[in-house]
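This report describes the fold, side-chain contacts and burial pattern of a protein structure. Please consult the sequence and coordinates alongside the text.

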Amino acid sequence: MSIPPIAALEIGTTTTVCLVGEVGPSDQIRIVGKGVYPSTGVHKGQVVDMQHARSGVEMAVKQASEESQIDIGRVIMAVNGGGVEAVRNQASVQVLARNRIVSRDDVDEVTERVKEYPIADDRILLHTISQNFTLDGQGGIVKPVGLQGAQLVLGMLLVHAKRGPVENLRAVAVSEELDVDDMVFGGLCSALAVLTQDQKRSGAAVIDLGGGTTSYFAYAGNVVAAAGSIAVGGEHVTNDLSLAFNIPQTRAEEIKISNGRATISADTGLKRLQIPNEYGKGDQSISLKAMHTVINARMAETLRIVRARLAEADVLPRLGAGIVFTGGGAEMEDICELGRSIFGVPCSVGVPLISGPALEGMRSLAPLATAIGLLKYGALAQRETSAKGFFGRIFSHER
Amino acid sequence: MNDETADILLVGVGGGGCHFASAAARRFGPGIRAVGFDTDAATSRMVSGMRCLLLGASRLDGQGTGGDAVKGHAAADDSAEIIAPAISSARMAVVVTALGGGVGTGATPVILSALRSHGVPTLCVATLPFEFEGRERTAAATRALPVLEETADALVALRLDDLYRDGADVPVSEAMVAAEERLGDAISLLWSIVLSPGYISLGPAFLASLLSQSSGRCRFAVASAEGDGRATEAVGLLCRSSMLGASPSLEGVQAVLLGVLAGGDLRLKELSDISGRLRSALPQECSFNLSTVLDERYAGTVRLIALFFDSIRPEAPSAAESIDEFKAPAPHKSRRRSRGDGRLAPGERDRFQGTEGTFLDGENLDIPTYQRLRIRLDR
């Protein structure tokens, strides 16, 4: 049964992205429409001005619709702001059958119990991601039905965020007369976009370095082990540069992109960077080394925060495939070198494995990883729904 | 006219913008450097006093966009090699556009960004449609404003209904032409006070500097009066001008550029009167900048034009001399600042000033890392 085209919408702090993908018979996705428009009214991944945010959505959706020749009425949306957190919960049940053979009912019962985790009223549950089962102390069980044991335990990662920011994102889309089929954590999408099955099995963490937030999503021990976001992103790097050298935000952004580097290198020496002067002001030049120092301080601090979160979740020792960076910040020179020095594992820049006429000529797909992942999520969800099954194939993911 | 004429560029974007710019060029006469951009080849035949360059010729073949801003945006994106040579030598630009249509709404941000990437301070004057043009057109125009606010140094947003209110029972074409003439007249006055030598002259460099320091919207008004009491009357009309919006208030103004155009019969007392009355309507800390132009064309009248800036940043101190020069490559197209509640507070560069902080273990992560870690920078 064929799946209709899917539209993904990501309202980022700096960029609003809308992608339209056609899903082939083997679930491969071909991107046929792309809309990318600078965002306004979004701060740290949260909508702060509805009217401003709408203008970015309107233009991005129109661009994607025109290019794909598809009328976009429904979208899946990404959530990165709102302090996304993940908490691991665990529940257990006694196996009902006298012969101690685990049944489907036992699995359903423990699954329902593990979801009964009280989250604060001002927060909303985005995803419940099943981890492995444990049966009488033996862990790592994927399919317990038919196995023998007395006590069945299930671990689950519950991903939640502040309700207000999530609903505000949805409201922006609705105000543009779009139906929102789902709200998906951006870090999850990035992982879908760039990680291979081998990487997931070996253990890998995707870190999405966005404009307003930094999100992470980690696999370890063959399950999703950690997820979350921090309201610090590329804008903080820009702001740090602006304040350090007393230059306008726009100039700081330009030099960050053109001459930024995540590490401080002795090669830089005494080189100075000439800032294009603004009319009426004197020429200005800054030390390149000082500039890299400012960037390095911010990016190293951000990555250390992520490192601490991954360590809390006991993920770090199990990252056989290392760290994969995505998002605009992944284009920063030497980001992998910085990552290696902080995490002590191999680091690489994620490349979404996807193609399509709408992507031709693009220098890098890293900034589109979240939106690409949204399309993959949407395709999986539709396939699972059409097969009358719950999500189970990739994550054992349930909503 | 002095040599700096060539450095100030008037840019019209879209059919409406080109008509406004053309009206200003006709009013001002020779000496105004103006260029227009549109996708519709017919525009160049309908305007005078300026050259009109075609956007998106390969995509749209000299036709209009049919009101589609996406097409307007794409046409401008396609035409970088046409836009750049026309704007690159400018030292300051006033960009006029009529929002609601395809090129005005879609292409103006692209052209503003191109100007910014060449280091050109910009004042964007954007009109919003007449109410009779319909809700959809007005909504499209309104939604474009945040984008323009980000890409221009200063933005004046004017409703056409505010530009022309002199009677409902006139032909539509007359209303359009009247609005066009009024805005054209106002822009030509701006050119006059900036370029014409006068008793008190501020010059293009000053306006450019003011634009560079602006961080958002500004407002624009003109007024004139003649006869006895003309100074008092003109100031009164200026402060109540419909161009200042539905509820004109000058309470939050941080800087004003006031131009006084009059003939040789302008008295010192009149100038003091104008200055004093306007200052009394402004906040005490408002920066007040006066320019006068004496021209016999204005004999018997006093004409006022004012730019009111609602948000100004202070000037940055200049950096130390360089040892070895390392030139940065040509600036990239600028990215927008985040606006809304996160907008820069007046006088501050800090993007996060006045916004909810990101706290971790009691530490505000919005404060630059190098500051919190007390890293000494050898700038």
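The sections below treat chain A as a whole, then aromatic pairs, salt bridges, cysteines and one helix of chain B.

## Model and overall architecture of chain A

The structure is a predicted model. Chain A contains 10 helices and 19 strands. Of its 399 residues, 61% are buried.

Contacts in chain A were examined for residues at least 6 apart in sequence, and 69% of these contacts join residues at least 24 apart. The exposed area of chain A is about 15100 Å², of which carbon and sulfur atoms supply 48%.

## Aromatic pairs

Over all chains, the structure holds 3 aromatic pairs. One of them is formed by F217(A) and Y219(A) in an edge-to-face arrangement, with 5.8 Å from centre to centre and 70° between the planes. Both F217(A) and Y219(A) are buried. Ring pairs also bring in F185(A), so that F185(A), F217(A) and Y219(A) are linked into a cluster.

In chain B, F130(B) and F132(B) form a stacked pair, for which the centre-to-centre distance is 5.0 Å and the angle between the planes is 10°. The two rings belong to residues in contrasting surroundings: F130(B) is buried, with a relative accessible area of 2%, whereas F132(B) is partly exposed at 48%.

## Salt bridges

The structure holds 36 salt bridges over all chains. One of these joins the side chains of D179(A) and R74(A), with an N to O distance of 3.7 Å. This pair links distant parts of the chain, since D179(A) lies in strand β11 (residues 179-185) of chain A and R74(A) lies in strand β6 (residues 74-79) of chain A, 105 residues apart. Both partners are partly exposed: the relative accessible area is 42% for D179(A) and 48% for R74(A).

What separates E253(A) from K256(A) along their helix? These residues are 3 apart in helix α7 (residues 249-259) of chain A, and therefore about one helical turn lies between them. E253(A) and K256(A) form a salt bridge in which the closest N and O atoms are 3.4 Å apart. E253(A) is buried, with a relative accessible area of 7%, and K256(A) is buried as well, at 12%.

A further salt bridge is found in chain B, where the side chains of R297(B) and D295(B) meet at 3.1 Å, N to O. R297(B) is exposed, with a relative accessible area of 57%, while D295(B) counts as partly exposed at 23%. Elsewhere, salt bridges that share partners join R54(A), E58(A), K62(A), E176(A) and R143(B) into one network. The members of this network come from chain A and chain B.

## Cysteines

How many disulfides does the structure hold over all chains? The count is 0. A disulfide is a covalent bond between the sulfur atoms of two cysteines. For C336(A), the closest cysteine sulfur is that of C347(A), at 6.1 Å, which is too far for a bond. The cut-off for a disulfide is a sulfur separation within 2.5 Å.

Two cysteines of chain A illustrate burial at these sites. C189(A) counts as buried at 0% relative accessibility, and C336(A) counts as buried at 13%.

## Helix α5 of chain B

Helix α5 (residues 80-87) of chain B has three named buried residues, I83(B), A86(B) and I87(B). They lie on the same side of α5(B) because they cover an arc of only 85° around the axis. On the other side of α5(B), E81(B) and P85(B) are exposed.

Which elements cover the buried residues of α5(B)? The cover includes strands β1 (8-13), β2 (33-38) and β3 (51-54) of chain B. Helices α4 (69-78) and α6 (102-117) of chain B also belong to this cover. The helix thus has one side carrying I83(B), A86(B) and I87(B), and another side on which E81(B) and P85(B) are exposed.

Notes. Residues numbered from 1 in each chain as written. Chains lettered and ligands numbered in written order. Predicted model: local features only at pLDDT ≥ 70, side-chain atom pairs only at ≥ 80, totals over all residues. Heavy atoms only, no water. Helix = DSSP H or I, 4+ residues; strand = E, 2+ residues; numbered from the N terminus. Buried < 20%, exposed > 50% of the residue type's maximum accessible area, 1.4 Å probe, protein only. Contact = heavy atoms within 4.5 Å. Areas by Shrake-Rupley, 256 points an atom, 1.4 Å probe, with all protein chains shown as cover. Phe/Tyr/Trp six-rings, centres within 6.5 Å; stacked < 30°, edge-to-face > 60°. Salt bridge = Lys/Arg side-chain N within 4 Å of Asp/Glu carboxyl O. Arc of directions from axis to C-beta.
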